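Please open the structure in your viewer and keep the selection panel at hand. The tour below moves from one selection to the next and says what is to be found at each stop.

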Amino acid sequence: MNNTISIFAFLCLFLCTNLHTQSNADNKMKVKKMVIEGLFYTDHQPISIEIEDGKILRISRIEKLSDPEMEGIYIAPGLIDHQVNGYLSHAFVGEELNLEQVQKITKAFWARGITTYVPTLTSHRSDLLLKNFGKLSKIIQDEIVSLSVPGFHLEGPYISPIDGFRGAHNKAYIREPNWEEFSQFYEASGRNIIEVTIAPELEGAIDFIAKCRQLGIVVALGHHNGTTAIIQEAVDAGASVSTHLGNGCANTIHRHDNPIWPQLAEDRLTASIIADGFHLRPEEVQTFYKVKGPERTILVSDVIRLAGLPPGTYEDFDQEVVVTPEGKVMMPAQNVLAGASFLITEGIKNMMAFTQCSLADAVHMASRNPARLLGLHDRGEISPGKRADFVLFKLNKDGSMDIRKTMVNGVTVFEVE
Ligand SMILES: [Zn+2]
């Protein structure tokens, strides 16, 4: 762990008046015992959480918060985003990917309340994917990164090559499922690929899905034009989630025979959605949410490397990409969206606005639900035994989150002065 952050984290702990801490000199990223207070995100009532060795020990109801400065500050589980292609000009399929870039992304996410994320590698050359999974297998062992990156997501290259369904994935890199090639990626990653997005209608896809499940890899259906029968076969083989449902789909589809209805109708599929206000219309978000409900809807950002950068014209995916002042990421040549620029905090705000769901439900879609999907049993909820990953925030009038403090594994990793 880098010294500046380490010192910052410990200063925060000692200076913060509402915390009663006892540092553990032997372990830089764990504080032996402490108590943190806030308004519980589910019922808006004050609670006190005891933390020991980075885990939640006990949660108690209290009459009022002991520090008046904590007035109006909510405490919720740290947010989890399992589709992150890049951020702040760095992409996980970048030729120059390195540890420093991933640390930078991790720390920037901490400042936005995201305590766990899954680097997502999209369709690319075999040698590049192999090289970057190899780099990531080492990067994931870093003290900072390992806290927040539980593994990797491979989206493509085994997806539909058809325009519209392939979205912004470069056609030249799209191919049929190849278990031998994937096994090389998997080994290069240190067996840390935890999710794969695939098109089920491709030759060999069903067999590929079954093999992924044998390794415990979560299989997502995305960028596909699967029929009802094929989607059911894929789910029978172990697919459990739709990647950004409603996107990675042609603009014009058959009113009966399209891949959206069968994915909505299939209860065994959780839906991940990009609720940034551009990828789906509010009424699509409403409908998907009404069908899938608060337990089987997941927010993902799908942020690309241009996220966090000023609006303008950039080159990405070997093509011209425009980030509009409103935050829309467009590929003008094909008139398609090329990923997103808003983080899942924006999705939480939009879910509440579009569906009138509660803060608790919106937060669950960005914490508990993805943790359950990915089998991350140590996080995603505020309950005894779980990792002490928290986001503390004020809720602005428009539903946006004003992040005040983020804790990972019981340590403050971000705090507003
Ligand atoms: Zn996609």
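Two residues are in contact here if their C-beta atoms, placed from the backbone, lie within 7 Å. The model on the screen is a predicted one, and that should be kept in mind at every stop.

**Two helices side by side**

Begin by selecting helix H3, residues 126-139, together with helix H5, residues 179-188. From H3, the residues Ser126, Leu129, Leu130, Phe133, Gly134 and Ser137 meet Glu181, Gln184, Phe185 and Ala188 of H5. Sorted by character, the residues of this contact divide into 5 nonpolar, 4 polar and 1 charged. If you draw the two axes, they come within 7 Å and cross at roughly 25 degrees. Angles under 35 degrees count as roughly parallel, and H3 and H5 are therefore roughly parallel to each other.

**The loop before H5**

Next, select Pro157, which has its place in the loop between strand S10 (152-155) and H5. Look at the peptide bond that leads from Gly156 into Pro157, which is cis, with an omega near -5 degrees.

**Helix H6 and its surroundings**

Now move to helix H6, residues 205-214, and colour Ala205, Ile206, Phe208, Ile209 and Cys212, which are buried. Viewed down the axis of H6, these buried residues fall within an arc of 160 degrees, so they line one face of the helix. Turn to the face directed away from that buried side, and you will find the exposed residues Asp207 and Gln214.

To see what the buried residues of H6 pack against, add helix H5 (179-188), strand S11 (193-198), strand S12 (218-221), helix H7 (228-236) and strand S13 (239-242) to the selection. H5, already visited for its contact with H3, thus appears again as one of the partners of H6.

Which residues does Ile209 touch, leaving aside those up to four places away in sequence? They are Ile198, Val219, Ala234, Ala237, Gly238 and Ala239. Ile209, in helix H6, counts as buried because it has 25 C-beta neighbours inside 10 Å, and the cut-off for a buried residue is 20 or more. A distance label from the C-alpha atom of Ile209 to that of Ser240, 31 residues apart along the chain, should read 10 Å. Before leaving this region, select Gly216, just after H6, which takes a positive phi of about 80 degrees.

**Two aspartates with positive phi**

Go on to Asp53, in the loop between strand S3 (46-52) and strand S4 (55-61), where phi is near 50 degrees, a positive value in a residue other than glycine. Then select Asp302, in the loop between strand S15 (297-299) and strand S16 (312-316), which also is not a glycine and has a positive phi of about 60 degrees.

Are these residues buried or partly exposed? Asp53 is partly exposed, with 14 other C-beta atoms within 10 Å, whereas Asp302 counts as buried, with 30 C-beta neighbours inside 10 Å.

**The whole chain**

Finally, zoom out to the protein chain, in which the secondary structure comes to 12 helices and 22 strands. Its radius of gyration is 21 Å, close to the 22 Å that the globule rule gives for 417 residues, so the chain is as compact as a globular protein of that length. Along the principal axes, the C-alpha atoms fill a box of roughly 60 × 45 × 40 Å. Buried residues make up 52% of the 417 residues. Of the contacts with a separation of 6 or more, 67% are between residues 24 or more positions apart.

Note on methods
Residues are numbered from 1 along each chain as its sequence is written. This is a predicted model: local features need pLDDT of at least 70, side-chain atom pairs count only at pLDDT 80 or more; totals for chains, interfaces and linings use all residues. A residue is buried if 20 or more other C-beta atoms lie within 10 Å of its own, exposed if 12 or fewer, and partly exposed in between; C-beta atoms are placed from the backbone. Helices (H or I, at least four residues) and strands (E, at least two) are DSSP runs, numbered from the N terminus. The arc is that of the directions from the helix axis to the C-beta atoms. Axes are lines fitted to C-alpha atoms, for helices over the stretch in contact, and angles run from 0 to 180 degrees between N-to-C directions. Angles under 35 degrees count as roughly parallel, over 145 as roughly antiparallel, 65 to 115 as roughly perpendicular and the rest as oblique. Ala, Val, Leu, Ile, Met, Phe, Trp, Tyr, Cys and Pro count as nonpolar, Asp, Glu, Lys and Arg as charged, and the others, Gly among them, as polar. The radius of gyration is taken over C-alpha atoms; the globule rule is 2.2 Å times the number of residues to the power 0.38.
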